[in-house]
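Please look over the structure below before reading on, and then follow the questions one at a time.

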Amino acid sequence: MKLFSRFIFFVILGIGRLSATLPDGSIAPDFTLTDINGQTHHLYDYIGAGKMVVLDFSATWCGNCWNYHNSGALENFYTTYGPAGTDQVRVLFIEIDLATSIDCLYDINCPSSQGNWVATSSYPIINLTSNSTSIAFGITGQPTIYSIGTGGYLLHDPMPSVATLENNLSTIITIPRVQARVLLEGPYNIATHQMNTTLAESGMLPLSQPFATEPFYYNEPIVAATLPPLATEWVLLELRDKNDSSHLIARSAGFLRSDGMLIDSGGALGLTIQNILPDEYYIAIRTLHHLPVISASPVSFPSSQVYDFTTSPSQVFGTDQLYALEPGVYGLFSGDYDGSGVINATDYNLWRQDNAAVNVYAPYDSDANGVINNLDYNIWYKNRSKIAIAILHLP
Ligand SMILES: [Ca+2]
Ligand SMILES: [Ca+2]
């Protein structure tokens, strides 16, 4: 039985492409699998939620697998860092031999099985009914154990100890950030070469992201406990498909610091993006009142680099999409009060209906100072008929 099972396993794998253990740093292929208790497990959901996922590809007849299983390393690791512990980790045992039944996992009427695998495992057990997952993960022997971190990167360790797994946890779980620098025409101050922080200083800048309304409809509850130092204004970040920049992949909201650096609601540089695998993406930036822009080309993610929208008009896609704030320094055009991507009479009408307000946080506040007056109109007038590239227009 044991030999027969092994024979079947390798014959079936042999039908697929030549397999090899995936090299460290590969992106784990996605799967959705159902465990022996009927629970489904979607790998990218776990990765997107910031969990490290450990996959133990084993077979019930495999002696090395049984020895490793009984070392308790995965069990101990799961107890400490799994859902009942710090909740940083998911562990999945994946039985790869299609010829072994669920009974073999319980060592019932299965002479080839090394023992009762279920009794010594509090983490989920999956009994594969197709080889597609084994093939995708390049399984050529067992056990094969992968640790998968945020961003989907995987590491292969033959039979990792708890210490090795803890090291993986500390090194591969870093939630990637998008880093960018953006200046806004309205609050930009030529004297200081920074953006004014008048909204924050006057208590007008909200703690909650303001993009839930039309036309953005971004409803993530992003709230700052307190305003980060030097926060100028909220921005909405978009990641778009490298092959089709009209395709929105993910969004997040944060602040621009007075020097243009994108910061999160806690003041840290960059914005975290959940559920995003390493790839290249276009970066687009929206605000309540400035014309949106998108990077000239796709940008690697994750990356330690800051994408700087301020250094040249060629940093953005399209012509005449950035305003020269001063020689060599560029910012977004102000005056798009309805976020449509076009500066026109519709925006002017929003300003006109409330053009003498003080102490407000309003999209028709061109210069983002909490006061609505002719200075805002003047900026709109200068920029009227400016148009963002079509894929950024919002209805
Ligand atoms: Ca508009
Ligand atoms: Ca104003």
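Helices and strands are DSSP runs, numbered from the N terminus, where a helix has at least four residues and a strand at least two. The model is a predicted one.

Q: In which loop is the place of Leu-230?
A: Leu-230 is a residue other than glycine whose phi has a positive value, near 65 degrees. There are 17 other C-beta atoms within 10 Å of Leu-230, and so the residue is partly exposed. Its place in the chain is the loop between H8 and S12.

Q: Is Tyr-217 buried or exposed?
A: Tyr-217 lies in the loop between H8 and S12, and although Tyr-217 is not a glycine, it has a positive phi of about 55 degrees. A residue with 12 or fewer other C-beta atoms within 10 Å of its own counts as exposed. Tyr-217 has 9 C-beta neighbours inside 10 Å, and therefore it counts as exposed.

Q: Where is Pro-215 found?
A: Most peptide bonds are trans. The bond from Glu-214 to Pro-215, however, is cis, with omega near 0 degrees. Pro-215 is found in the loop between helix H8 (198–201) and strand S12 (231–241).

Q: Which residue does a cis peptide bond join to Gln-142?
A: The residue in question lies in the loop between helix H6 (132–136) and strand S6 (144–148). Omega of the bond is about 0 degrees, and the partner of Gln-142 is Pro-143.

Q: Why is the protein described as more spread out than a compact globule?
A: The secondary structure of the protein comes to 10 helices and 21 strands. For 395 residues the globule rule gives 21 Å, and because the radius of gyration is well over that value, the protein is more spread out than a compact globule. Its C-alpha atoms fill a box of roughly 85 × 40 × 35 Å along the principal axes. The radius of gyration that leads to this description is 27 Å.

Q: Which residues of helix H4 are buried?
A: Helix H4 spans residues 73–81, and its buried residues are Ala-73, Leu-74, Phe-77, Tyr-78 and Tyr-81. These residues cover an arc of only 125 degrees around the axis, which means that they are on the same side of H4. What covers them includes strand S3 (52–58), helix H3 (63–71), strand S4 (89–95) and helix H7 (162–172). The names asked for are therefore Ala-73, Leu-74, Phe-77, Tyr-78 and Tyr-81.

Q: Is helix H9 roughly parallel or roughly antiparallel to helix H10?
A: The axes of helix H9 (residues 345–352) and helix H10 (residues 374–383) come within 11 Å and cross at roughly 175 degrees. An angle over 145 degrees counts as roughly antiparallel. H9 is therefore, with respect to H10, roughly antiparallel.

Q: How many residues of the contact of H9 with H10 are nonpolar?
A: From H9 the contact is made by Asp-347, Tyr-348 and Trp-351, and from H10 by Asp-376, Tyr-377 and Trp-380. Among the residues of this contact two are charged and no residue is polar, while the number of nonpolar ones is four.

Q: Is Asn-127 buried or exposed?
A: Asn-127 lies in strand S5 (residues 125–127), and, not counting residues up to four places away in sequence, it touches Ile-36, Glu-95, Ile-102 and Leu-105. The C-alpha atoms of Asn-127 and Ala-59 are separated by 9.3 Å, with the two residues 68 residues apart along the chain. Because 21 other C-beta atoms lie within 10 Å, Asn-127 is buried.

Methods: Residues are numbered from 1 along each chain as its sequence is written. Chains are lettered from A and ligands numbered from 1 in the order in which they are written. This is a predicted model: local features need pLDDT of at least 70, side-chain atom pairs count only at pLDDT 80 or more; totals for chains, interfaces and linings use all residues. The radius of gyration is taken over C-alpha atoms; the globule rule is 2.2 Å times the number of residues to the power 0.38. A residue is buried if 20 or more other C-beta atoms lie within 10 Å of its own, exposed if 12 or fewer, and partly exposed in between; C-beta atoms are placed from the backbone. The arc is that of the directions from the helix axis to the C-beta atoms. Two residues are in contact if their C-beta atoms, placed from the backbone, lie within 7 Å. Axes are lines fitted to C-alpha atoms, for helices over the stretch in contact, and angles run from 0 to 180 degrees between N-to-C directions. Angles under 35 degrees count as roughly parallel, over 145 as roughly antiparallel, 65 to 115 as roughly perpendicular and the rest as oblique. Ala, Val, Leu, Ile, Met, Phe, Trp, Tyr, Cys and Pro count as nonpolar, Asp, Glu, Lys and Arg as charged, and the others, Gly among them, as polar.
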